[in-house]
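Please look over the model shown here. The report below covers its domains, one sheet and one helix pair.

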Amino acid sequence: MTSEVGRLRTVLLHRPGAELRRLTPRNNDQLLFDGVPWVARAQEEHDAFAAALTDRGVEVLHLDRLLAEVMGVPTARSEVIAAAVDDPRLGATLRHATTAHLSDLAPEDLATALITGVAHDELRGGRGLAYRLMGRGEFVVPPLPNLMFTRDSSVWVGSQVAVTSLAMPARDRESALTAALYAHHPRFAGVDQLYGPQLEHLEGGDVLLLSPGVLAVGVGERTTAGGAERLARRVFARGLARTVLVVPIAQERATMHLDTICTMVDVDAMVMYPAVAGSLQAWTVTAGGELPDDADTTELSVEGPQPFLTAAATAMGIDRLRVIDTGLDPVTAEREQWDDGNNTLALAPRLAVAYERNTVTNAALEAAGIEVVAISGSELGSGRGGPRCMSCPVLREPLPG
Ligand SMILES: NC(=[NH2+])NCCC[C@H](N)C(=O)O
């Protein structure tokens with residue numbers, strides 16, 4: 001995969017399940033939701049999203065199904081169980097009981113438990129001090145309600161996949177699941193892994209494939225400069241890119257990832273939040289010398305900063321990157337940015353999935369010649385993620401020419 005807009009062939013989604021039923025007004029902030037979604041409706045919305053993709057010829061892979069399939073593989077099981085109990089809250093006795101509980105589960109039930117979490121009263125054989133002191137509403141293994149944002153836990157560059165290292169404690173275990181999937185599922189046999197969960201923080205929502213050979217990586221609340229640096233070294237050494245634009249973004253919830261501010265909708269066009277369009281800067285990172293065998297020691301050349309739009313056009317070898325604004329006036333723009341108006345998923349050049357609620361932005365896209373496939377996201381949106389966050393493209397057709 002070398003672009004954000006080549007015709008989408010295969011995508012990894014996760015239909016939200018019982019893990020969303022774990023959200024309460026007491027835990028939703030910590031679990032990174034802005035409310036308590038109506039789960040059945042969120043599932044309907046997600047089904048409609050998946051149908052919009054399959055109707056247009058996209059193969060949809062489901063993370064939970066692949067995970068259930070891979071939970072029959074002993075090494076995959078032990079890796080994800082180890083990650084689930086690697087939690088200092090547990091202590092040795094509870095860790096042991098939890099390991100035993102999970103190890104006894106059939107593949108499908110294990111996959112469910114890893115995603116939905118294990119509540120205090122669901123643990124068979126729970127005992128010991130940590131267990132007895134734990135409140136009834138607490139989780140021995142916390143749920144993963146953000147798993148539906150498959151964009152963040154892995155990202156493909158070319159034919160390789162980067163299993164990411166998620167920054168927020170509520171999400172860091174997600175990449176243990178994607179790591180197991182890519183390492184052990186026959187569907188991904190032979191795929192090289194470009195990154196790993198123990199490395200510097202890096203999330204897929206911050207990685208944009210601007211054009212073949214050119215990546216933009218947002219650095220802010222989630223991805224660190226260290227993460228961007230390691231990814232850059234690795235993509236250069238493996239010949240997957242020649243330029244990485246490192247783009248600092250405000251460290252706040254509204255702009256948690258670069259893809260909350262801008263996404264590609266055509267080979268030379270982005271939808272972008274106008275409040276930042278003028279001030280966004282980029283550091284241009286390229287390989288600084290010979291490419292050694294050990295990717296992590298590649299010299300880097302760092303230039304800039306420069307206005308992002310200028311740096312991007314230069315790196316992409318085009319005169320100008322066209323920008324379509326989110327909203328029209330600043331208030332509408334702020335509202336539609338918050339509701340993921342910028343977070344579109346391109347199915348092909350000039351064809352993108354967007355939330356229907358962002359009517360002003362969608363009209364601007366249509367006026368600019370971008371066909372919008374509108375989906376509803378009233379419940380899905382409470383997790384603050386749109387069509388791009390909810391999808392991990394696995395295969396796109398190369399761009400013509
Ligand atoms: N690529 C994205 N913009 N992902 C959105 C993730 C939303 C999720 N609730 C979080 O806070 O992590």
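A crossing of two helices is called right-handed if the near helix is turned clockwise from the far one by less than a right angle, and left-handed if anticlockwise. By that rule, H2 and H5 cross in the right-handed sense. The model is predicted.

**The helix pair**

Helix H2 spans residues 63-70, and helix H5 spans residues 107-116. Their axes lie 7 Å apart, and the packing angle is about 130°. Angles from 65 to 115 degrees count as roughly perpendicular and those over 145 as roughly antiparallel. H2 and H5 are therefore oblique to each other.

Which residues of H2 and H5 make the contact? H2 contributes Asp64, Leu67 and Ala68. H5 contributes Pro107, Glu108, Ala111 and Ile115. By class, the contact of H2 with H5 holds 5 nonpolar and 2 charged residues, with no polar ones.

**The sheet**

One open sheet has 3 strands in the order S16-S17-S18. Its pairing is mixed. Why is one side of S16 and of S18 left without a neighbour in the sheet? Strand S16 (345-348) and strand S18 (371-375) stand at the edges, and each has a single partner strand, so one side of each stays without a neighbour there. From one strand to the next, the twist averages 30°.

Strand S17 covers residues 351-355 and runs parallel to S18. The two are joined by 5 bridges. Ala354 has Ala374 in S18 as its bridge partner.

Two helices that pack on this sheet are listed below.

| Helix | Residues | Strands touched | Angle with the direction of S18 |
|---|---|---|---|
| H1 | residues 39-55 | S17 and S18 | about 150° |
| H13 | residues 359-367 | S17 and S18 | about 155° |

H1 touches S17 and S18. H13 also touches S17 and S18. Angles over 145 degrees count as roughly antiparallel. H1 makes about 150° with S18, so its direction is roughly antiparallel to that of the strand. H13 makes about 155° with S18, so the direction of H13 is roughly antiparallel to that of the strand too.

**The domains**

How is the protein divided? Domain 1 takes 8-57 + 146-396, and domain 2 takes 67-141. Taken over C-alpha atoms, the centres of domain 1 and domain 2 are 30 Å apart. Domain 1 puts 12 residues into the contact, and domain 2 puts in 14 residues. On the side of domain 1 that touches domain 2, 6 residues are nonpolar, 3 are polar and 3 are charged.

Technical notes:
Residues are numbered from 1 along each chain as its sequence is written. This is a predicted model: local features need pLDDT of at least 70, side-chain atom pairs count only at pLDDT 80 or more; totals for chains, interfaces and linings use all residues. Domain bounds come from an automatic or database domain assignment. Two residues are in contact if their C-beta atoms, placed from the backbone, lie within 7 Å. Ala, Val, Leu, Ile, Met, Phe, Trp, Tyr, Cys and Pro count as nonpolar, Asp, Glu, Lys and Arg as charged, and the others, Gly among them, as polar. Two strands pair if DSSP finds at least two bridges between them. Helices (H or I, at least four residues) and strands (E, at least two) are DSSP runs, numbered from the N terminus. Axes are lines fitted to C-alpha atoms, for helices over the stretch in contact, and angles run from 0 to 180 degrees between N-to-C directions. Angles under 35 degrees count as roughly parallel, over 145 as roughly antiparallel, 65 to 115 as roughly perpendicular and the rest as oblique.
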